[in-house]
Amino acid sequence: MGAAGRCGIFFVSVAALMTLVPQNPHKDSMLEGIPSGKTRVIDLSYAISDKLVPWPGDEKFFEAKVNATVEKNGYFTRSFWMLEHYGTHLDAPAHFPPGKTTVDQIPVKQLMGPAVVVDVRAEGAKDADYQLPASRVEEWEKRHGRIREGSIVLLRTGWASRWPDAKTYRNQDAQGKMHFPGFSAGAAKLLLERKVSGLGCDTMSIDYGASGDFAVHHLALGAGLYHLENLADLSEVPETGAFLIVAPIKLEGGSGGPVRVFAMLP
């Protein structure tokens, strides 16, 4: 074979290799920009304490006890006890049937991905029982493009502005039923078709507050997704362009647990 032929094969081989190697300079530059501050990192989690809003009926939810003090022991340590589903937390698939995966078994790659933010603050202000319809997701896609596989879809309701006032955040009626926005089963089915990794919200539940059957929990968790609930203020996270890192406690056999969620912004 002549030099020209060998040269042609070389360039064809390089071109083929380039198609196999993921090219994402945008994300790489975001990571490189963290130390210098060029990339903003927003913490979407509330600090854990006994002052957060528990689910109605949960009488005991958090307790911390000092085990050692600097004055007595030369160092400081505490022990603590808390519910798996308290504060900013992750629902693992095992939380609701037919889901089976526990929090420690969630694949690491599923805990990182592009953020998709659907802003329903206006709708939620008019109707506290608003459920995100599939058509609203399709509207988002008309503006920003089809939702990518592995995305993490966040519902921005504005409910974080009520935190940590339990009365307004839960928004319970005289019968004790809560009222806040959430995803609809139709939207969940569409997002499952898009093969997203997880769903999140700035309310107490992915399902709307008055839900009695938790249809979205059964659908999404049953399909292997996870939920992020009680996320902190999402107002600074753009509808597209941010990248999420989800870091739950690796609790063996857990139905969920506290989670730290970081949004990287270009």
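Which residue forms a salt bridge with Arg260, and how far apart are the closest N and O atoms? The first view has the answer. This is a predicted model, in which local features need pLDDT of at least 70 and side-chain atom pairs count only at pLDDT 80 or more, while totals for chains, interfaces and linings use all residues. Residues are numbered from 1 along each chain as its sequence is written, and side-chain values use heavy atoms, with hydrogens and water left out.

**View 1. Arg260 pairs with Asp43.** The closest N and O atoms of this salt bridge are 2.7 Å apart. A salt bridge here is a side-chain nitrogen of Lys or Arg within 4 Å of a carboxyl oxygen of Asp or Glu. Arg260 belongs to strand β12 (residues 256-265) and Asp43 to strand β1 (residues 40-43), so the pair ties together parts that are 217 residues apart in sequence. Helices (H or I, at least four residues) and strands (E, at least two) are DSSP runs, numbered from the N terminus. Arg260 is partly exposed at 44% relative accessible area, and Asp43 is partly exposed at 31%. For these words, buried means under 20% relative accessible area, exposed over 50%, and partly exposed in between (1.4 Å probe, protein chains only).

**View 2. Two salt bridges involve helix α5.** Glu123 and Arg136 form a salt bridge, with 3.2 Å between the closest N and O atoms. Glu123 sits in helix α4 (residues 121-126) and Arg136 in helix α5, so parts 13 residues apart in sequence are tied together. Arg136 is buried, at 12% relative accessible area, whereas Glu123 is partly exposed at 24%. In the other pair, Glu239 meets Arg143 with the closest N and O atoms 3.1 Å apart. Glu239 is in the loop between β10 (226-229) and β11 (243-248), and Arg143 in helix α5 is 96 residues away in sequence. The structure holds eight salt bridges.

**View 3. Helix α7 runs alongside helix α8.** The axes of α7 (residues 185-193) and α8 (residues 215-222) come within 9 Å and cross at roughly 10°. Axes are lines fitted to C-alpha atoms, for helices over the stretch in contact, and angles run from 0 to 180 degrees between N-to-C directions. That crossing makes α7 roughly parallel to α8; angles under 35 degrees count as roughly parallel, over 145 as roughly antiparallel, 65 to 115 as roughly perpendicular and the rest as oblique. Ala185, Ala188, Lys189 and Leu192 of α7 make the contact with Ala215, Val216, Leu219 and Ala220 of α8, where contact means heavy atoms within 4.5 Å.

**View 4. Helix α5 crosses α7 at an oblique angle.** Their axes come within 7 Å and cross at roughly 45°, which makes α5 (residues 134-144) oblique to α7. Ala134, Val137 and Glu138 in α5 meet Gly186, Ala187, Leu190 and Leu191 in α7.

**View 5. The buried residues of α7 line one face of the helix.** Ala187, Ala188, Leu190 and Leu191 are buried in α7. Seen down the helix axis, the buried residues fall within an arc of 165°, so they line one face; the arc is that of the directions from the helix axis to the C-beta atoms. Among the elements that cover them are α5, β7 (152-156), β9 (198-201) and α8. Just after α7, Lys195 takes a positive phi of about 60°.
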